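Student: I would like to learn how to read a structure like this one. Could we go through it feature by feature?

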Amino acid sequence: MRIQSLIVLISCSFLMLGCASKTERQFISGCKSGGIEGSTCSCIYDKLEDKYGEDGLKNNIYTLQQTESFQMDMVNTSYQCMKE
């Protein structure tokens with residue numbers, strides 16, 4: 001029974017990764033490599049995407065000079081998600 005649960009969990013994880021955009025996968029991968037838990041990284045991404053939209057977030061992430069307001073939103077969102 002335990003093995004079946006593990007297989008279902010792994011399958012669901014692969015399905016969720018398959019549905020994520022390239023930007024989301026890269027953001028979460030980079031976030032996790034910084035030592036932050038995956039669920040917190042997903043929370044941060046989701047909140048920023050809600051505020052900026054997929055294209056707006058993509059443009060802000062991939063620019064060399066992020067605006068001060070975007071940087072502050074990243075910091076504030078990170079704190080919010082770490083508390084949750």
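**Reading a helical model**

Tutor: Start with one residue: Asp73 has its place in helix 4. Keep in mind that the model is predicted.

Student: Is Asp73 buried or exposed?

Tutor: The general idea is to look at the relative accessible area, where under 20% counts as buried. Asp73 has 15%, so it is buried.

Student: Which residues does Asp73 touch, leaving out those up to four places away in sequence?

Tutor: Asp73 touches Leu48, Lys51 and Tyr52. Take Lys51: it is 22 residues from Asp73 along the chain, and the two C-alpha atoms are separated by 9.3 Å.

Student: How do other residues of helix 4 read?

Tutor: Thr77 also lies in helix 4. Thr77 has 9% relative accessibility and therefore counts as buried. Apart from neighbours within four places in sequence, Thr77 is in contact with Ile44, Lys47 and Leu48. Gln71 is in helix 4 too, but at 39% relative accessibility Gln71 counts as partly exposed. From Gln71 to Asn60 the C-alpha distance is 9.3 Å, with their positions 11 residues apart in sequence.

Student: How far apart should the ends of helix 4 be?

Tutor: The way to check is to use a rise of 1.5 Å a residue. Helix 4 covers residues 68-83, which is 16 residues, so it should span 22 Å. Its end C-alpha atoms are 23 Å apart, which agrees.

Student: Which residues of helix 4 are buried?

Tutor: They are Phe70, Asp73, Thr77, Ser78 and Cys81. Looking down the axis of helix 4, you find its buried residues within an arc of 135 degrees, so they line one face of the helix. Glu68, Tyr79 and Lys83 are exposed on the other side of helix 4.

Student: What do the buried residues of helix 4 pack against?

Tutor: They pack against helix 3, residues 38-61.

Student: Now helix 2. How many residues does helix 2 have, and what does it reach from first C-alpha to last?

Tutor: The same kind of check applies. Helix 2 has 12 residues and reaches 16 Å, close to the 16 Å expected at 1.5 Å a residue. Its buried residues are Thr23, Glu24, Phe27, Ile28 and Cys31. These cover an arc of only 125 degrees around the axis, which puts them on the same side of helix 2. On the other side of helix 2, Lys22 and Ser33 are exposed.

Student: What covers the buried residues of helix 2?

Tutor: The cover includes helix 3 and helix 4. For a single case, take Cys31: setting aside residues up to four places away in sequence, Cys31 touches Ile36, Cys41 and Ile44.

Student: What follows helix 2?

Tutor: Gly35 follows helix 2, and its phi is positive, near 90 degrees.

Student: Which residues form the largest nonpolar core?

Tutor: The general idea comes before the case. In soluble globular proteins, nonpolar side chains tend to be buried together. Here the largest nonpolar core has 11 residues: Phe27, Ile28, Cys31, Cys41, Cys43, Ile44, Tyr45, Leu48, Leu57, Phe70 and Cys81. Helix 2 (22-33), helix 3 and helix 4 are the elements that give two or more residues to this core. Helix 3 gives the most, with six residues.

Student: What does the secondary structure of the whole protein chain come to?

Tutor: There are four helices and zero strands. Along the sequence the pattern reads α-α-α-α. The protein chain has 84 residues, and buried ones make up 23% of them. Of the contacts between residues at least 6 apart in sequence, 46% join residues at least 24 apart. The accessible surface of the protein chain is about 6300 Å², and 57% of that belongs to carbon and sulfur atoms.

Student: What pLDDT does the protein chain average?

Tutor: The average is 81, and 77% of the residues score at least 70. Over residues 1-17, however, the pLDDT is below 50. That stretch has one contact in the model beyond near neighbours in sequence. Where pLDDT is low, the predicted coordinates should not be read in detail.

Technical notes:
Residues are numbered from 1 along each chain as its sequence is written. This is a predicted model: local features need pLDDT of at least 70, side-chain atom pairs count only at pLDDT 80 or more; totals for chains, interfaces and linings use all residues. Side-chain values use heavy atoms; hydrogens and water are left out. The expected span of a helix is 1.5 Å times one less than its number of residues. Buried means under 20% relative accessible area, exposed over 50%, partly exposed in between (1.4 Å probe, protein chains only). The arc is that of the directions from the helix axis to the C-beta atoms. Contact means heavy atoms within 4.5 Å. pLDDT is the predictor's confidence in each residue, from 0 to 100. Accessible areas come from the Shrake-Rupley method with a 1.4 Å probe; for residues, only the protein chains shown count as cover. A nonpolar core is a set of buried Ala, Val, Leu, Ile, Met, Phe, Trp, Tyr and Cys residues joined through side-chain atoms within 4.5 Å.
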